[in-house]
Amino acid sequence: MSRTAERGSVSIEVAVLAPAFIALMVLAGVAGRTAVAAEAIEAAAHDAARAASISRDSTTARAAALKAVQDQLDWRGLACANELNPELTATVAGQSRNFDDAFSSTAGTDATVTVTVVCLVSLQDISLDVLPGMPGEKQVSATFTSPLDRYRSRE
């Protein structure tokens, strides 16, 4: 083959491979952002459950859990597209109960609080219209349970 017959072959290779390479880089960005967000949400759920469990009443526990979630996500630089509203549940003596019931149980009774945090992570800034089915946001959630001190006075 002569050199003139090979002219433009590199241009064709780049034209064919460039979109695939760009799509791969975008997908790596989505996976990375989702992994970082999942770690931040896990830490936020942990902090919120702990903050709620050391509170003495359910009203204070709700406020402490929300503040812990906001502080953790602010510290990690994660902005959720949805409103933060952690779901708070509880168990008393191994039975699922209302969150308020955990704090009104008698001292010496086993009780736990569970916090579930859901965050919609925006992917708008790294999405490509060229990729069909590319989501604009990804839902990430985490749940953590923390026990109340058995012998500490409650409400």
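Select S58 to begin: in this predicted model the residue is buried, with a relative accessible area of 5%, which places S58 below the 20% limit under which a residue is called buried. S58 belongs to helix α2, and that helix covers residues 58-76. Next, add D100 to the selection and show both side chains, since a polar contact of 2.8 Å joins the side chain of S58 to that of D100.

From helix α2, follow the chain into the loop that lies between α2 (58-76) and β1 (87-92), where C80 is found. Which residue is joined to C80 by a disulfide? Selecting C119 gives the answer, for C80 and C119 are joined with an S to S distance of 1.9 Å. A disulfide is a covalent bond between the sulfur atoms of two cysteines. C119 sits in strand β3, residues 111-122, and the two cysteines are 39 residues apart, so that distant parts of the chain are linked by this pair. Turn the view to look along the S-S bond, about which the angle is -110 degrees, and the link of C80 and C119 will be seen as left-handed. Are the two cysteines buried or exposed? Both C80 and C119 are buried. A search of the whole structure finds one disulfide, and a further selection of cysteines will therefore add no second link of this kind to the tour.

Now move to helix α1, which takes in residues 9-53, and select L17 within that helix. L17 counts as exposed because its relative accessibility is 56%, and the limit for that term is over 50%. Add I12 and V16 to the selection and display the surface: together with L17, these residues make a nonpolar surface patch of about 320 Å².

Finally, clear the selections and colour the whole chain by secondary structure. Three helices and four strands should appear, and, followed along the sequence, they come in the pattern α-α-β-β-α-β-β. Of the 155 residues in the protein chain, 33% are buried. With the surface shown for the entire chain, the accessible area comes to about 9,500 Å², and carbon and sulfur atoms account for 55% of that area. If contacts are drawn as well, consider those with a separation of 6 or more: 66% of them are between residues 24 or more positions apart.

Methods: Residues numbered from 1 in each chain as written. Predicted model: local features only at pLDDT ≥ 70, side-chain atom pairs only at ≥ 80, totals over all residues. Heavy atoms only, no water. Buried < 20%, exposed > 50% of the residue type's maximum accessible area, 1.4 Å probe, protein only. Contact = heavy atoms within 4.5 Å. Areas by Shrake-Rupley, 256 points an atom, 1.4 Å probe, with all protein chains shown as cover. Disulfide = S-S within 2.5 Å. Polar contact = N/O pair within 3.5 Å; in protein donor to acceptor, adjacent residues only side chain to side chain. Patch = residues over 30% accessible without salt bridge, like charges linked within 9 Å, V, L, I, M, F, W, Y side chains within 5 Å. Salt bridge = Lys/Arg side-chain N within 4 Å of Asp/Glu carboxyl O.
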